[in-house]
Amino acid sequence: MTWRAEVLTLFPEMFPGPLGQSLAGRALADGVWSLRTHDIRAHGLGRHRAVDDTPFGGGAGMVMRPDVLDAALSAVMASVPQGTPVVYPTPRGRLLRQADVRRYAGGTGVVVLCGRYEGIDERLLEARAIEQVSIGDYVLSGGEPAAMVMLDACVRLLPGVMGSALSGEEESFSDGLLEYPLYTRPETWEGRSVPDILLSGHHAAIARWRHAASEMATRQRRPDLWAVHAGRAGRAGDDLP
Ligand code: SAM
């Protein structure tokens with residue numbers, strides 16, 4: 001069954017953008033997934049098709065209206081399988097993790113609601129049980145690039161999209177760790193050599209080296225992930241070099 005991405009946006013012309021290229025683009029052309037955009041403006045109010053208004057309580061910028069967004073969302077929800085998650089990318093959301101991406105990719109698809117201006121009226125998010133996810137601790141000008149990031153991460157996990165199924169199993173976050181460092185030809189470049197162990201042909205020893213390197217990178221660069229991993233493994237992590 002085709003995995004469905006339904007994107008509500010004020011800028012439908014931004015899509016497919018990068019999602020029309022490379023891995024995701026080929027999968028789109030092959031019908032592994034489908035992408036439909038829905039113009040929120042079509043549900044705007046009045047002659048100017050207004051979708052936003054000033055924030056109650058004052059402050060800068062504009063807020064997207066719940067009634068307008070609800071009309072746009074209801075039209076989409078009528079045509080997607082029940083239980084399809086609705087996701088609002090926002091810096092106020094919990095951080096998007098590979099586990100979320102796996103969950104979305106394992107379902108029938110996602111509905112993504114792209115914010116603009118200062119964001120969306122909170123009542124819509126509460127009333128429609130919309131998942132709020134952030135793609136990082138920085139502020140974009142709109143939800144569209146965040147939607148593309150999310151969808152790209154999902155699509156590459158769909159069956160048949162990645163060349164080798166193993167490439168998904170060993171990459172960063174698959175086991176709670178960052179990936180080990182990668183090397184290819186030439187064996188020596190600018191006086192820097194590939195670690196000998198990788199040229200040894202000893203698969204078990206290479207696997208051990210890679211695992212230790214994954215642990216080291218995670219401990220040094222992502223203490224938050226390391227704390228979870230070390231906790232799960234029931235150790236403090238002090239045994240590492
Ligand atoms: N006023 C908001 C705040 O301070 O949290 C920022 C609004 S931002 C200018 C406009 C839209 O961009 C948001 O509604 C959201 O859809 C999207 N956006 C911005 N940064 C994002 C992030 N880090 N992750 C996901 N979406 C983001």
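**Note on helix H2, the following loop and the ligand shell**

1. In this predicted model, the buried residues of H2 are covered by elements that include five strands and a helix: E1 (3–9), E2 (33–39), E4 (63–64), E5 (86–95), E6 (109–113) and H4 (122–127).

2. The residues of H2 that are buried are Val68, Leu69, Ala72 and Leu73. Around the helix axis they take up an arc of only 125 degrees, so they sit on the same side of H2.

3. The length of H2 is as expected. The helix has twelve residues, 66–77, which at 1.5 Å a residue should span 16 Å, and the C-alpha atoms at its ends are indeed 16 Å apart.

4. The loop that joins H2 to E5 contains Gly83. Is Gly83 buried or exposed? Gly83 is exposed, because 7 other C-beta atoms lie within 10 Å, and a residue counts as exposed at 12 or fewer. Between Gly83 and Arg128 the separation is 45 residues in sequence, while their C-alpha atoms are 12 Å apart in space.

5. E5, one of the elements covering the buried residues of H2, also contributes to the ligand site: it gives four residues to the shell around the ligand, the largest share. Helix H5 (143–155), like E5, supplies at least two residues of that shell.

6. The ligand is surrounded by 19 residues, of which Pro89, Gly115, Leu140, Gly143 and Ala146 are the closest. What is the make-up of the shell by class? Eight of its residues are nonpolar, eight are polar and three are charged.

How values were computed: Residues are numbered from 1 along each chain as its sequence is written. This is a predicted model: local features need pLDDT of at least 70, side-chain atom pairs count only at pLDDT 80 or more; totals for chains, interfaces and linings use all residues. The expected span of a helix is 1.5 Å times one less than its number of residues. A residue is buried if 20 or more other C-beta atoms lie within 10 Å of its own, exposed if 12 or fewer, and partly exposed in between; C-beta atoms are placed from the backbone. The arc is that of the directions from the helix axis to the C-beta atoms. Two residues are in contact if their C-beta atoms, placed from the backbone, lie within 7 Å. A residue is near a molecule or strand if its C-beta atom, placed from the backbone, lies within 6 Å of it. Ala, Val, Leu, Ile, Met, Phe, Trp, Tyr, Cys and Pro count as nonpolar, Asp, Glu, Lys and Arg as charged, and the others, Gly among them, as polar.
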